[in-house]
Amino acid sequence: MMSRRQASAGLLSAAVLAGTSGLAPAETTTKTLPPPQMRGGLSLMQALKLRHSTRAYADRPLPPQVLSDLLWAAFGVNRPSGDRTAPYWRHIMVIDLYVAMADGVWFYDPKAHALQQHSPADLRALTGTQDFVGAAPLNLIYVAHGERMHDVSPTDRRLFASVDTGFIGQNVYLFCAAEGLGSVFRGAVDYPRLEKAIQLGGGQFVTFCQTVGYPKA
């Protein structure tokens, strides 16, 4: 009989293999990200002191290196086992990161540390009900795979997925504080409209969104 850890490892492997955008390979455009920089930045205590929410953003895009570091800090692979910078429910990965920018919506592939285009449409304005989300350079969309949470009710699936999203969101907040970026974690989202626009698969749902960018002067 398999242990719970072994069963979870099997589901983890399946999740990694399944963790790609819904586009066919021939249709997928990939952005290769530079390797994340592991040195420099503020201390944890300094970043905690500076952490706050920002709701006014300049339209300046994030440079490729900053985008790379942000995504790795959020939920990147940080050890040979494939585990991540944030903990997750029952050792089963149920959260994917999508990045909404002016040039489309992109799926973050942590294993390859690359972005795969999910949609060419600029859907930033659909990631929240606040005015600033459509002009901010980047909005993270946290998508949960409810179909991977086999033994829990739909209500509990949203609860557990929201906890996992919160871990990732705090990583983003601390990275932004250390890099002089602004961020705000948001639940004011028209969820049915956004989920329809990004064409999620069966059992998937959006938990929260998070805006990232340079604060408006």
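**Note on the sheet, its helices and selected residues**

1. Q199 is exposed, its relative accessible area being 66% (buried means under 20%, exposed over 50% and partly exposed in between, with a 1.4 Å probe and protein chains only). The residue lies in the loop that links α5 (191-197) with β7 (204-213); helices (H or I, at least four residues) and strands (E, at least two) are DSSP runs, numbered from the N terminus. Its phi is near 55°, a positive value in a residue other than glycine.

2. The model is predicted, with local features requiring pLDDT of at least 70 and side-chain atom pairs pLDDT 80 or more, whereas totals for chains, interfaces and linings use all residues. Numbering starts from 1 along each chain as its sequence is written, and side-chain values use heavy atoms, leaving out hydrogens and water.

3. A positive phi, near 50°, is also found at H113, again a residue other than glycine. H113 belongs to the loop between β3 (104-109) and β4 (114-119). Unlike an exposed residue, H113 counts as buried, at 11% relative accessibility.

4. The sheet is open and contains seven strands, ordered β1-β4-β3-β2-β5-β7-β6, with antiparallel pairing (two strands pair if DSSP finds at least two bridges between them). The edges are taken by β1 (30-32) and β6 (182-186); each has a single partner strand, so one side of each lacks a neighbour in the sheet. From one strand to the next, the twist averages 30° (axes are lines fitted to C-alpha atoms, for helices over the stretch in contact, and angles run from 0 to 180 degrees between N-to-C directions).

5. Which residues cover the two faces of β2? On one side stand I95, L97, V99 and M101, on the other D96, Y98 and A100, and all of them are buried. Because seven of the seven residues of β2 (residues 95-101) are buried, the strand is largely enclosed by the rest of the structure.

6. The partners of β2 can be specified further. Six bridges connect β2 with the antiparallel strand β5 (residues 138-145), and L97 is placed opposite Y142 of β5. Four bridges connect β2 with β3, also antiparallel, and here A100 faces V105 of β3. The β2-β3 pair forms a hairpin, with two residues between the strands.

7. Between β5 and β7 there are seven bridges in the antiparallel sense, and H145 has Q204 in β7 as its bridge partner. Two helices pack on the sheet. Helix α3 (residues 64-75) touches β2, β3, β4, β5 and β7, and its direction makes about 155° with that of β2; contact means heavy atoms within 4.5 Å. Helix α4 (residues 154-179) touches β2, β5, β6 and β7, its direction making about 15° with that of β7.

8. Q170 is located in helix α4 and is partly exposed, with a relative accessible area of 32%. With residues up to four places away in sequence not counted, Q170 touches L48 and R51. The C-alpha atoms of Q170 and A74 are 8.1 Å apart in space, although the two residues are 96 residues apart in sequence.

9. The structure holds zero disulfides (a disulfide is a pair of cysteine sulfur atoms within 2.5 Å). Are C176 and C209 buried or exposed? C176 is buried, with a relative accessible area of 1%, and C209 likewise counts as buried, at 0% relative accessibility.
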